[in-house]
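Q: Could you take me through one part of this model in detail, the place where the ligand sits, and then the strands and loops that go with it? I would like the cut-offs behind each term as well.

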Amino acid sequence: MAKKIIVANWKMNPKTSKEAVALFAGSLKVSSRLRNVETVICPPDVYLPSLSTKKNSIILGAQNVSEQSGIGPYTGEVSAEMLKNLGVRYVIIGHSSRRENGETDDSINRKIKSCLKAGLKIVLCVGEKERGDNGEFIKVVETQLTRALEGTKDEKDARNIIIAYEPVWAISRGGKFASDDPDAVFGMSIFIKKTSTSIFGEKAGGRVPIIYGGSATAKNTKDFLEKGGVRGLLVGGKSLDLKEFGEILKIADKVK
Ligand code: PGA
């Protein structure tokens, strides 16, 4: 059975390196006891050096990357190669908060290519801003996917891509909203799979993992994983709460 994938997106948290180390150590304590979960933690880049140890059960990820490869005169940018050299293996690309800040499908596409070239895996975020009644949101996700993945079509590329379906309206609701809806996620996961097989071919595209993000909590983890048709979760707010994140990991470990 394929392992579940739980990706923690710490966003711009915590305030100090000391807190980051403690949060990481706490998550590691739980994840190291689990067999069926791949735990990925994406802290702010500044904390990466203090968290990157060679051998442990947590995979390090980054929350963004430059479009530019290698090194060069690009103020404020961090390249895929630099992240790789720090022990990072995954990069979140196309998160809605970056799209809100002007990131385009073209830029996302360049970032993906730069990561693939450097040998990094990608967590590509897609998701509609709102769900109207006319099914328009499906088209939104299809366009995001096809434009982001343009020019990446072989099996090797497919092996390095995870697609995170994150409906923007469901993000950061603190688990208190009424729309925990694994069935809606299931429909979208089927559609994403269909799109990914049309890009990468039946076999390789069918194996691209799809995860869900948007107010994932310990309470809704089981439902999303069992009924949502997804292999894992992208966890924001609750990845900063050790007790809750530990629960999410343990629940994911048990889901068949
Ligand atoms: P959330 O964040 O779990 O706090 O909704 C998810 C995300 O933005 O990736």
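A: The account below starts at the ligand, moves to the loops, and then follows the strands.

First, some ground rules: this is a predicted model, in which local features need a pLDDT of at least 70 and side-chain atom pairs count only at pLDDT 80 or more, while totals for chains, interfaces and linings use all residues. Residues are numbered from 1 along each chain as its sequence is written, and side-chain values use heavy atoms, with hydrogens and water left out.

Let's begin with the ligand. Its shell holds 13 residues, and the closest are Lys11, His95, Glu166, Ser172 and Ser215; a residue is near a molecule or strand if one of its heavy atoms lies within 4 Å of it. By type, the shell splits into four nonpolar, seven polar and two charged residues. Here Ala, Val, Leu, Ile, Met, Phe, Trp, Tyr, Cys and Pro count as nonpolar, Asp, Glu, Lys and Arg as charged, and the others, Gly among them, as polar.

Several side chains make polar contacts with the ligand. (A polar contact is a pair of N or O atoms within 3.5 Å; within protein, one must be able to donate a hydrogen and the other to accept it, and residues adjacent in sequence count only if both atoms are side-chain atoms.) Lysine 11 has a polar side-chain atom 2.7 Å from a ligand oxygen, and histidine 95 likewise places one 2.7 Å from an oxygen of the ligand. For asparagine 9, the distance from a polar side-chain atom to a ligand oxygen is 3.5 Å. On its own, the ligand has 280 Å² of accessible area, and the protein covers 96% of that. These areas come from the Shrake-Rupley method with a 1.4 Å probe; for residues, only the protein chains shown count as cover.

Now for the loops. Lysine 11 sits in the loop between strand S1 (residues 4-9) and helix H1 (17-31). Helices (H or I, at least four residues) and strands (E, at least two) are DSSP runs, numbered from the N terminus. With a relative accessible area of 26%, lysine 11 is partly exposed; buried means under 20% relative accessible area, exposed over 50%, and partly exposed in between (1.4 Å probe, protein chains only). The backbone has a feature to note here: phi of lysine 11 is near 50°, a positive value in a residue other than glycine. Proline 14 lies in that loop between S1 and H1 too, and the peptide bond that leads to it from asparagine 13 is cis, with omega near -15°. Serine 215 also has a positive phi, near 55°. Serine 215 belongs to the loop between strand S7 (210-213) and helix H10 (218-227), and at 10% relative accessibility it counts as buried. As background, most residues other than glycine have a negative phi, and most peptide bonds are trans.

Stepping back along the chain brings us to S1. Six of the six residues in S1 are buried. From S1, Lys4, Ile6 and Ala8 point one way, while Ile5, Val7 and Asn9 point the other way. The ligand contact of asparagine 9 therefore comes from a residue that is itself buried in S1. Isoleucine 6 has a relative accessible area of 0%, and its C-alpha is 8.7 Å from that of arginine 231, although the two are 225 residues apart in sequence. S1 runs parallel to strand S2 (residues 37-42), with six bridges between them; two strands pair if DSSP finds at least two bridges between them. Within this pairing, alanine 8 faces isoleucine 41 of S2.

Strand S5 (residues 121-126) is also mostly covered, with five of its six residues buried. S5 is parallel to strand S4 (residues 90-93), joined by four bridges, and valine 91 has isoleucine 122 as its bridge partner in S5. With strand S6 (residues 161-165), S5 pairs in the parallel sense over five bridges; there, valine 126 is partnered by tyrosine 165.

Finally, the cysteines. The whole structure has zero disulfides, a disulfide being a pair of cysteine sulfur atoms within 2.5 Å. For cysteine 42, the nearest cysteine sulfur belongs to cysteine 125, 9.2 Å away. For cysteine 115, the nearest is that of cysteine 42, at 11 Å. Cysteine 115 is buried, with a relative accessible area of 0%, and cysteine 42 is buried with a value of 0%.
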